[in-house]
Amino acid sequence: MTPRAFKSARFQGREVRVTGLNKGLQKIDVALKWDPSPIGEPPHDLDIVAGTYRAADPYGAPAYLVHFDSRSPDGTINLNRDSRTGQGLGIDESMTLELERLSSEYTRVVVGITIQQGSGRKTFGDVPNTSVRILDGYTELMTSDFTGVSEATSATVAVFTRDDAGEWEMRSAIRGFDADPEGFGQLMGKDYS
């Protein structure tokens with residue numbers, strides 16, 4: 001499969017800009033859920049992926065990726081729950097991003113969702129009741145059900161950037177890709193504006 005990006009899709013969410021006396025975004029939780037496959041069919045396996053980018057090259061190759069079976073070298077981005085079937089109690093996968101602890105060397109973090117393609121090509125339209133929710137503490141920053149990218153096999157969902165004052169902000173960024181998890185990791189942080 002040749003990786004490619006689709007156009008941006010509509011999303012349910014809002015752009016979050018934190019300024020003034022606020023401390024900016026600090027500790028983010030990303031929660032992903034989906035329904036399991038019907039009995040007798042191969043399992044749906046979706047993964048949260050976070051790519052971290054250096055200030056010197058914010059749209060280049062990621063400095064590192066955090067996904068299943070990995071965490072950031074400094075422990076600031078962790079996958080807390082990893083499901084390979086969608087059989088969970090409400091949340092199937094979750095990731096925590098401790099942005100306030102991330103080295104000043106990094107100024108951009110892109111979060112996306114990818115579908116493992118081991119049992120044949122699956123898109124978001126093939127996986128029922130898929131949704132992602134991003135929280136800053138108890139404040140919901142965005143939700144999406146991937147309706148706008150139903151033909152995609154991977155999608156970015158949010159971009160976190162650090163401003164000159166060192167504060168983090170989030171922009172919803174639902175963009176579908178026709179890429180397997182490995183290809184998606186290399187495409188997700190590029191500038192598609």
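## A walk through a strand-rich chain

In β6, A31 finds its bridge partner in S94. That pairing is a handy place to start in this predicted model, where local features need pLDDT of at least 70 and side-chain atom pairs count only at pLDDT 80 or more, while totals for chains, interfaces and linings use all residues. Residues are numbered from 1 along each chain as its sequence is written, and side-chain values use heavy atoms, with hydrogens and water left out.

Let's step back to the whole chain for a moment. Its secondary structure comes to one helix and 11 strands, where helices (H or I, at least four residues) and strands (E, at least two) are DSSP runs numbered from the N terminus. Along the sequence the pattern reads β-β-β-β-β-β-β-β-β-β-β-α. Of the 193 residues, 50% are buried; buried means under 20% relative accessible area, exposed over 50% and partly exposed in between, with a 1.4 Å probe and protein chains only. The accessible surface comes to about 9600 Å², and 47% of that belongs to carbon and sulfur atoms; these areas come from the Shrake-Rupley method with a 1.4 Å probe, and for residues only the protein chains shown count as cover. Among contacts (heavy atoms within 4.5 Å) between residues at least 6 apart in sequence, 70% join residues at least 24 apart.

Now back to β2 and its partners. Strand β2 (residues 27–33) runs antiparallel to β6, and six bridges join the two; strands pair if DSSP finds at least two bridges between them. β2 is also joined to β8 by six bridges, again antiparallel. On that side, V30 has I134 as its bridge partner in β8.

How enclosed is β6 by the rest of the structure? Six of its six residues are buried, so β6 is largely enclosed. E93, M95 and L97 point one way from the strand, S94, T96 and E98 point the other way, and all are buried. E98 is worth a closer look: this residue lies in β6, which covers residues 93–98, and counts as buried at 17% relative accessibility. K27 stands opposite E98. Apart from neighbours within four places in sequence, E98 is in contact with Q26, K27, G75 and T76.

Further along the chain, β10 and β11 form a hairpin with five residues between them, and G166 in the turn has a positive phi of about 90°. The two strands pair in the antiparallel sense over eight bridges, with S154 standing opposite F177 in β11. Strand β11 (residues 168–178) is mostly covered, as 10 of its 11 residues are buried.

What about the nonpolar interior? In soluble globular proteins, nonpolar side chains tend to be buried together. A nonpolar core here is a set of buried Ala, Val, Leu, Ile, Met, Phe, Trp, Tyr and Cys residues joined through side-chain atoms within 4.5 Å. The largest such core has 37 residues, and those with the most contacts inside it are V109, I134 and F160. β7 gives the largest share of this core, five residues. Beyond its neighbours within four places in sequence, F160 is in contact with residues including L25, I28, L99, V109, I134 and W168. A second, separate core of 10 residues includes Y53, A173, A179 and M188. Y53 appears in another setting too: the charged end of R108 sits over its ring, 5.4 Å from the centre. For this, NZ of Lys or CZ of Arg must be within 6 Å of the ring centre and within 35 degrees of the ring normal.

The aromatic pairs round off the tour. Rings of Phe, Tyr and Trp (its six-membered ring) pair if their centres lie within 6.5 Å; planes under 30 degrees apart count as stacked, over 60 as edge-to-face and the rest as tilted. By this rule there are three aromatic pairs. In one of them, the rings of Y64 and Y106 have centres 5.6 Å apart and planes at 80°, so the pair is edge-to-face. Y64 lies in strand β4 (residues 64–66) and Y106 in strand β7 (residues 106–115), so the pair ties together parts that are 42 residues apart in sequence. Both Y64 and Y106 are buried. The rings of F124 and F146 have centres 4.4 Å apart and planes at 10°, so this pair is stacked. F124 lies in the loop between β7 and β8 (131–136), and F146 in the loop between β9 (139–144) and β10 (154–162), so parts 22 residues apart in sequence are tied together. F124 is buried, with a relative accessible area of 4%, and F146 counts as buried at 2%.
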